[in-house]
Amino acid sequence: MKRILLVEDETAIADTVTYALRADGHEVRHCLDGGAALQAMDDGAFDLAILDVGLPDISGFALCGELRRRAPLPVVFLTAQASEAERVLGFDLGADDYIAKPFSLRELLARVRVALRRATPPAHETPAAPGGFAHDVEGRRIRYHGHPLDLTRYEYGLLAALLARPGAVLTRAQLMDRVWGDALGSGDRTVDTHVKTLRGKLRQIAPGADPLRTHRGIGYSLDLD
Ligand code: CA
C-alpha cells in the first residue's frame, strides 16, 4: 500500500480518482488546492503526488517545486490542455509523467504503478544517503554512515522530522507539535534534552560530522552537506 497525495480542485474527478486508487490498494489524501497540499505534506510523508496543473491558488508546476523542496517525491501531473502537457515536458520539472484529461481510470492506474515502480530502488541497491543518513520510513529505522541508530521513539521522531526538511530550521514549537503531538507535561526543555541525546548518538558514529545544528533562540536544523 502506497500513500498518494491527490491535489485536484474538481471534486467529480477527484472522487473517481480517489475511489480507483483506493480500490487498487492505495491510501489517498485528497486536497483541493496547493495550500492544503503543503499542509498535508507537513503532516506526513507520501510515496507519490498526483497534481492537477490548474489549481485555484497556485499552479501545479509551482506546487511541484514546493513539495519537492520538502521531500523527494515522484509526481504525475493531470493536464487539461495540450499546452499544459507541453509545459510538463518542456520545463525541467522532473515530472515523472503526465496524464491528459479526459483520461481513463485504467490509464491513470497504469501510470501510477509505473511511476511508483520507477521511484522504488531495486532491493540490491543502497539508497542514496545524503549526509550519511538512510531512512527506512516504513520500518521507522535510520542508519547513519551504515550503522543502524538505536533511537528512542522521540529521538527517532525528531531525527525523522529534521531529515524530512534538510537544512530547514524547525522551531521547538514545530518539533514539539510534530514529535510529541498532544503529549502532556512536556515543555521546550524536552526538545533540547532529546536533541542532546540524539547528538550524542550521532557523534559516537561520526565524531567530526555534527550535522545537527542549534539555532539559538529558534530551533534546530539538520545540515546534510
Ligand atoms: Ca483544475
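This passage describes a calcium site and a contact between two helices in a predicted model.

In the predicted model, the calcium ion is coordinated by three residues of the chain, namely Asp9 and Asp52 through OD atoms and Gly54 through its O atom, at 2.2 to 2.4 Å. Along the sequence, these donor residues follow the spacing D-x42-D-x1-G. The two aspartates thereby link distant parts of the chain, since aspartate 9 lies in the loop between β1 (3-7) and α1 (11-23), whereas aspartate 52 belongs to strand β3 (residues 48-52), 43 residues apart. The two aspartates also fall into separate accessibility classes: aspartate 9 counts as partly exposed because its relative accessibility is 31%, which lies between the limits of 20% and 50%, while aspartate 52 counts as buried because its relative accessibility is 2%, under the limit of 20%.

Helix α1, which follows the loop that holds aspartate 9, also takes part in a contact with helix α5 (residues 105-119), and the axes of the two helices come within 10 Å and cross at roughly 55°. This angle lies outside the ranges for roughly parallel, roughly antiparallel and roughly perpendicular axes, and α1 and α5 are therefore described as oblique to each other. The crossing of α1 and α5 is right-handed. On the side of α1, the contact is formed by Thr16, Val17, Ala20 and Leu21, which meet Leu105, Leu108, Leu109 and Val112 in α5. The residues of this contact between α1 and α5 comprise seven nonpolar and one polar, with no charged residue among them.

Terms used
Residues are numbered from 1 along each chain as its sequence is written. This is a predicted model: local features need pLDDT of at least 70, side-chain atom pairs count only at pLDDT 80 or more; totals for chains, interfaces and linings use all residues. Side-chain values use heavy atoms; hydrogens and water are left out. Donors are N, O and S atoms within 2.8 Å of the metal (3.2 Å for Na, K and Ca); water is not among the atoms, so sites may look incomplete. Helices (H or I, at least four residues) and strands (E, at least two) are DSSP runs, numbered from the N terminus. Buried means under 20% relative accessible area, exposed over 50%, partly exposed in between (1.4 Å probe, protein chains only). Axes are lines fitted to C-alpha atoms, for helices over the stretch in contact, and angles run from 0 to 180 degrees between N-to-C directions. Angles under 35 degrees count as roughly parallel, over 145 as roughly antiparallel, 65 to 115 as roughly perpendicular and the rest as oblique. A crossing is left-handed if the near helix is turned anticlockwise from the far one by less than a right angle, and right-handed if clockwise. Contact means heavy atoms within 4.5 Å. Ala, Val, Leu, Ile, Met, Phe, Trp, Tyr, Cys and Pro count as nonpolar, Asp, Glu, Lys and Arg as charged, and the others, Gly among them, as polar.
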